[in-house]
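The following explanation is intended to be read alongside the sequence and the three-dimensional model. It begins with a sheet and ends with a pocket.

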Amino acid sequence: MLIYCLNCARYKSHIFQHSVIKTYKTNYTSRRYISFFKRACPLLLIFLMCTTTLIAQDTNILERVSTAERSDGKGYVVRFHLEQKIDSFKVIQPETNLIQMTLYGEQVNSSGIAYDTTTAVYDEIGFYDLPFGVGVDLYIPEDTHFLGDAYHDGQSEDLLLGLTYSKPDEIQYLTEDLDPVIWSKFTISRDSLLASTAPGSLTVDNDYQLLKDKIKFDVVVIDPGHGGHDPGAIGYRGTKEKDVVLDVARKVGGYIEEYMPEVEVVYTRKDDSFVGLEERGQIANKAEGDLFVSIHCNVFSNRNAKGTEVYFLGLHRSQAAFEVMKKENSVIRFEEGPNKSEELTEEDLLIYELANSGYMATSEKLAGMLEHQFDERAQRRSRGVKQAGFIVLYHASMPAILVETGFISNPSEQRYLTSDYGQSIIASAIFRAIRNYKLEYEKSQNFKTN
């Protein structure tokens, strides 16, 4: 009987060998195990091969994306190369130059995907891992007009997105009642960010209640950058920085008023009005603020640039920081009269660093806390904590930071930052950093007085 089983095993091993080992041709460790078990125990080999084949099939790799012109000359086909057919899919076109797809399948894996970055079919393509599959954003060039429709390829496991040339008014009609999908809605909850605890050993909600009445930390100044005849940066589809940051600032203030009612919120502007850089600092000083937070958006010539940045005042350490500083300080060209702000010199910043080392250290700490919120909690790409000579921070006599919430020149970030959801996530991250900083401040001050 044993001889019969072994003979059967050898026969079956020969059948499985070609198909299964090919699946694991890139896995050196698996090949070593297979070689060992082929010699030692054919029956166990069969079991191992069958089991690992089933496990391998649990993951559906989205390997790459390619494009080709249609044979009828009416557009293009975008091919999503898959190891297996996906469960199902959905396509929407919420904007004339944005097509969004959902590839349903819990095991779809888009990590390491390869795609053509020089094609004329799309400007940008983005992939978002979701609990139930993968989300896709495909941005069409602004001077090109396609309607998109997806379907399974009859000759392979691939999914095809057909792009058909269409008239602009037809696309406009079909897209006017649709809202774009913000993919991070499926992975990040604004309420969870507001309610969860701070990093470290302290629990914000409990310790905060114990400490809040002991040491005064009662004024936070929120500064929405630009405004009025100063639009700030102009991003994708004409988005104005001044509008985005005012919405975010109001949300930050709203969270403070709701969750820290004993803290007064002072705005340097509450509407679309122009306020000079030095005047913003004067508003903060007059209010005797404990913290100054200036909120901005970024732009760059490369539309793929993305991520948040947090700055505190000091000498710039990189060319990139210098460029951001120049952009934000250029507001002075809109100022008039005797109160017009002056450019900061290197000497001014050196004197400030010597005279305000305490503020700088505190500002750097707060910047680090906010960077943690963006990167770890809100799952935004963080470009780090930096320093530069921002005029608006120079005139605020208190710990002060400047926040670049993202690049409105990047289509996906523009869509995120102009959405209520995206603004809420950014605002909740800023709020949490302020709340955690306040807790640590009050704890340290309480320790000193005991």
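The paragraphs below treat the sheet, one of its strands, the helices that pack on it, and then the pocket.

The model is predicted. Within it, 6 strands form an open sheet in the order 12-11-13-16-14-15, with mixed pairing. Its edges are occupied by strand 12 (264–267) and strand 15 (382–388); each has a single partner strand, so one side of each is left without a neighbour in the sheet. From one strand to the next, the twist averages 20°.

Strand 13 offers a useful point of entry. In the strand order it lies between strand 11 and strand 16, and its pairing with each can be followed residue by residue. With strand 11 (residues 219–224), strand 13 pairs in the parallel sense over 5 bridges. Along this pairing, Ile222 has Val293 as its bridge partner in strand 13, and Pro224 stands opposite Ile295. On the other side, strand 13 runs parallel to strand 16 (residues 400–407), to which 6 bridges join it. There, His296 has Glu404 of strand 16 as its bridge partner.

How are the side chains of such a strand arranged? In a regular strand they alternate between the two faces of the sheet. Leu291, Val293, Ile295 and Cys297 point one way from strand 13, whereas Phe292, Ser294, His296 and Asn298 point the other way. Both sets are buried. Because 8 of the 8 residues of strand 13 (residues 291–298) are buried, the strand is largely enclosed by the rest of the structure.

Two helices that pack on the sheet can now be added to the picture. Ile222 of strand 11, as noted, is bridged to Val293 of strand 13. Helix 7 (residues 241–259) packs on the sheet and touches strand 11, strand 12 and strand 13, its direction making about 145° with that of strand 13. Helix 8 (residues 277–286) also packs on the sheet, touching strand 11, strand 12 and strand 13; its direction makes about 165° with that of strand 11.

The last feature is the largest pocket, which has a volume of about 840 Å³. It is lined by 28 residues, of which Gly126, Phe127, Tyr128, Lys306 and Ser412 are the closest to its centre. Strand 7 (124–130) and helix 13 (411–417) each supply at least two residues of this lining. Strand 7 gives the most, with 7 residues. By class, the lining comprises 11 nonpolar, 8 polar and 9 charged residues.

Conventions: Residues numbered from 1 in each chain as written. Predicted model: local features only at pLDDT ≥ 70, side-chain atom pairs only at ≥ 80, totals over all residues. Heavy atoms only, no water. 1 Å grid on protein atoms, 1.4 Å probe; cavity = no way out; pocket = protein on both sides within 12 Å on 5 of 7 lines; lining within 4 Å. Points joined across faces, edges and corners; volume = space filled by probe spheres on them. Helix = DSSP H or I, 4+ residues; strand = E, 2+ residues; numbered from the N terminus. Nonpolar A, V, L, I, M, F, W, Y, C, P; charged D, E, K, R; others polar. Buried < 20%, exposed > 50% of the residue type's maximum accessible area, 1.4 Å probe, protein only. Pairing = 2+ DSSP bridges. Axes fitted to C-alpha atoms, helices over the stretch in contact; angles between N-to-C directions. Contact = heavy atoms within 4.5 Å.
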